[in-house]
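I opened my notebook to get to know a new structure. Come along and look with me.

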Amino acid sequence: MATARRPGAYVCGIDAAMDVIGGKWKVLILWALNERACRFGELRRLLPGVTEKVLASHLRELEADGIVHREAYDEVPPRVEYSLTPLGVSLNEALRPLGAWGRENILSGVEETRPVQRGVRDQSSQQELRSGSVPG
């Protein structure tokens with residue numbers, strides 16, 4: 001991790017990891033960046049419901065933690081892309097079993113009774129999550 005927000009205050013490794021991925025949108029940002037680099041507007045479209053302020057804040061925090069790389073291109077109009085660093089890729093790999101657990105224990109029961117509403121935004125995302133092709 002590039003910067004520690006609570007140096008010396010972590011109780012265990014899970015506590016430290018949760019400090020990095022805590023918040024409603026950070027794991028979904030990691031999921032969206034898993035396949036390819038995205039511009040800010042692309043991330044907004046992939047994560048309906050996230051505000052510009054929250055997305056910008058989370059991206060800054062993930063960049064400060066060394067999870068996300070921000071590439072600013074010297075073009076007119078300006079272009080900025082976000083991608084996962086190797087540390088971010090390893091974090092996504094660590095989250096993959098958690099996503100599998102959610103599919104097996106939460107989504108399977110939900111799919112039988114009602115449409116998925118929490119964390120899954122559209123039909124294609126639901127399909128990717130069920131197939132296990134993305135972490136989460």
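**Notebook: a first look**

I began with Leu 98, and I found this residue in helix α5, which covers residues 86-113. I should say early on that the model I am reading is a predicted one.

Is Leu 98 buried or exposed? I looked up its relative accessibility, which is 54%, so Leu 98 counts as exposed; the cut-off for that word is over 50%.

I then asked which residues join Leu 98 in a nonpolar surface patch. Trp 101 and Ile 106 are the partners, and the patch made by these residues and Leu 98 comes to about 340 Å².

**The whole chain**

I stepped back and looked up the secondary structure, which consists of 6 helices and 3 strands. Following the sequence, I wrote down their order as α-α-β-α-α-β-β-α-α.

Next came the surface. I noted about 8300 Å² exposed by the chain, with 56% of that area supplied by carbon and sulfur atoms. Of the 136 residues in the chain, 32% are buried.

I also checked the contacts with a separation of 6 or more, and found that 51% of them are between residues 24 or more positions apart.

**Cysteines**

How many disulfides does the structure hold? I found 0. For my own reminder, a disulfide is a covalent bond between the sulfur atoms of two cysteines.

I looked up two cysteines anyway. Cys 38 has 0% relative accessibility, so I put this residue down as buried. Cys 12 reaches 41%, and therefore counts as partly exposed.

Note on methods:
Residues numbered from 1 in each chain as written. Predicted model: local features only at pLDDT ≥ 70, side-chain atom pairs only at ≥ 80, totals over all residues. Heavy atoms only, no water. Patch = residues over 30% accessible without salt bridge, like charges linked within 9 Å, V, L, I, M, F, W, Y side chains within 5 Å. Areas by Shrake-Rupley, 256 points an atom, 1.4 Å probe, with all protein chains shown as cover. Salt bridge = Lys/Arg side-chain N within 4 Å of Asp/Glu carboxyl O. Helix = DSSP H or I, 4+ residues; strand = E, 2+ residues; numbered from the N terminus. Buried < 20%, exposed > 50% of the residue type's maximum accessible area, 1.4 Å probe, protein only. Disulfide = S-S within 2.5 Å. Contact = heavy atoms within 4.5 Å.
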